[in-house]
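I opened my notebook to record what I looked up, beginning with one helix and moving on to pairs of charged side chains.

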Amino acid sequence: MSYSNLPAPSPEQGLSRYMQEIRKFPMLEPEQEYMLAKAWVDHEDTDAAHQLVTSHLRLAAKIAMGYRGYGLPTAEVVSEANVGLMQAVKRFDPEKGFRLATYAMWWIRASIQEYILRSWSLVKMGTTAAQKKLFFNLRKAKNKIGALEEGDLRPENVARIANDLGVTEDEVISMNRRMSGGDASLNAQIKTDGEGAAEWQDWLEDEDADQAADYAEQDELSLRRELLIEAMKDLNERERHVLTERKLKDEPMTLEDLSQVYNVSRERIRQIEVRAFEKLQKTMRDLAADKGMVPSVA
């Protein structure tokens with residue numbers, strides 16, 4: 001299976017032409033997908049693998065557009081998404097019981113994120129795991145509180161993001177300033193071969209592609225929920241209670257309230273929360289690997 005025989009976005013070709021090309025590939029019914037995947041696994045049928053890849057190029061492009069705020073060429077991000085898709089197809093086991101789209105989302109995101117990490121200097125981004133998490137989750141956190149379009153964040157928003165992502169307020173402010181100004185809107189105009197102009201979202205709006213993405217996201221959410229339930233069993237009763245109250249409730253308990261429950265300091269509760277969260281993440285990564293999934297590098 002070669003990347004060279006796939007449509008590829010390039011400055012010469014233009015992304016609009018690429019989007020037109022990939023919309024021509026049909027989506028697969030579950031039975032078709034299963035038979036093609038079996039043909040690849042059992043017989044290394046490259047034609048079958050090619051059909052699996054091309055039928056999911058729209059999904060890869062859609063995921064890639066979610067990473068458009070890092071100041072990198074969109075065509076290169078899409079290409080990296082396709083690399084992740086190909087890796088997913090190579091390793092996909094149809095007997096696991098989930099669709100290729102669900103499995104591929106993990107690989108596509110990992111491939112894109114690894115590319116972004118390589119492209120952004122460590123001086124720009126920071127070197128700790130917490131800073132990398134902040135790098136990949138800041139835009140999502142800002143969007144959650146309705147602050148995506150702001151320049152400098154308001155103090156209350158800085159404090160909330162810092163608490164949610166487990167970093168300092170100074171790190172939030174610094175990362176936000178480094179990353180600001182790089183967003184490209186899905187409403188941005190692009191040239192087409194016909195008359196007039198189109199918007200990026202016009203090329204991404206495809207009913208079948210949306211259904212595949214929605215299905216994959218629902219399937220992935222279900223898998224993550226299963227992993228979470230299983231991983232929580234590795235925590236002791238106090239760790240499980242603290243983590244549940246601090247991370248999994250719509251209205252989390254404060255450190256002060258929990259410190260009174262356990263008759264310890266707020267700092268001690270914070271330490272328990274951090275340790276429990278780290279244990280949970282490690283267990284979930286191990287469980288995901290056992291299921292043949294690839295967790296995000298973020």
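I looked first at helix α3, which spans residues 46–54, where helices (H or I, at least four residues) and strands (E, at least two) are DSSP runs numbered from the N terminus. In α3 I found A48, A49, L52, V53 and T54 to be buried, and I used that word for under 20% relative accessible area, with exposed for over 50% and partly exposed for what lies in between (1.4 Å probe, protein chains only).

I noted that this is a predicted model, in which local features need pLDDT of at least 70 and side-chain atom pairs count only at pLDDT 80 or more, while totals for chains, interfaces and linings use all residues. I also noted that residues are numbered from 1 along each chain as its sequence is written, and that side-chain values use heavy atoms, with hydrogens and water left out.

What covers the buried residues of α3? I listed α2 (30–43), α4 (57–65), α5 (74–91) and α6 (100–119) among the elements that cover them, with contact meaning heavy atoms within 4.5 Å. At the N-terminal end of α3 I found D45 as the cap, with a side-chain oxygen 3.0 Å from the backbone nitrogen of D47.

I turned next to salt bridges, each a side-chain nitrogen of Lys or Arg within 4 Å of a carboxyl oxygen of Asp or Glu, and by this rule the count is 12.

The side chains of E230 and K233 form one of them, at 3.4 Å from N to O. I entered E230 as partly exposed, at a relative accessible area of 38%, and K233 as exposed, at 56%.

For E239 and K279 I wrote down a salt bridge of 2.9 Å, N to O. E239 belongs to helix α13 (residues 237–247) and K279 to helix α15 (residues 266–290), so this pair ties together parts that are 40 residues apart in sequence. E239 is buried, at 2% relative accessibility, whereas K279 is partly exposed, at 33%.

My next entry was the salt bridge between R270 and E267, at 2.7 Å from N to O. Both residues lie in helix α15, three residues apart, about one turn of the helix. An α-helix has 3.6 residues a turn, so residues three or four places apart point the same way. I recorded R270 as partly exposed, at 37%, and E267 also as partly exposed, at 38%. Last, I found K38, D42 and E95 joined into one network by salt bridges that share partners.

Notes. A polar contact is a pair of N or O atoms within 3.5 Å; within protein, one must be able to donate a hydrogen and the other to accept it, and residues adjacent in sequence count only if both atoms are side-chain atoms.
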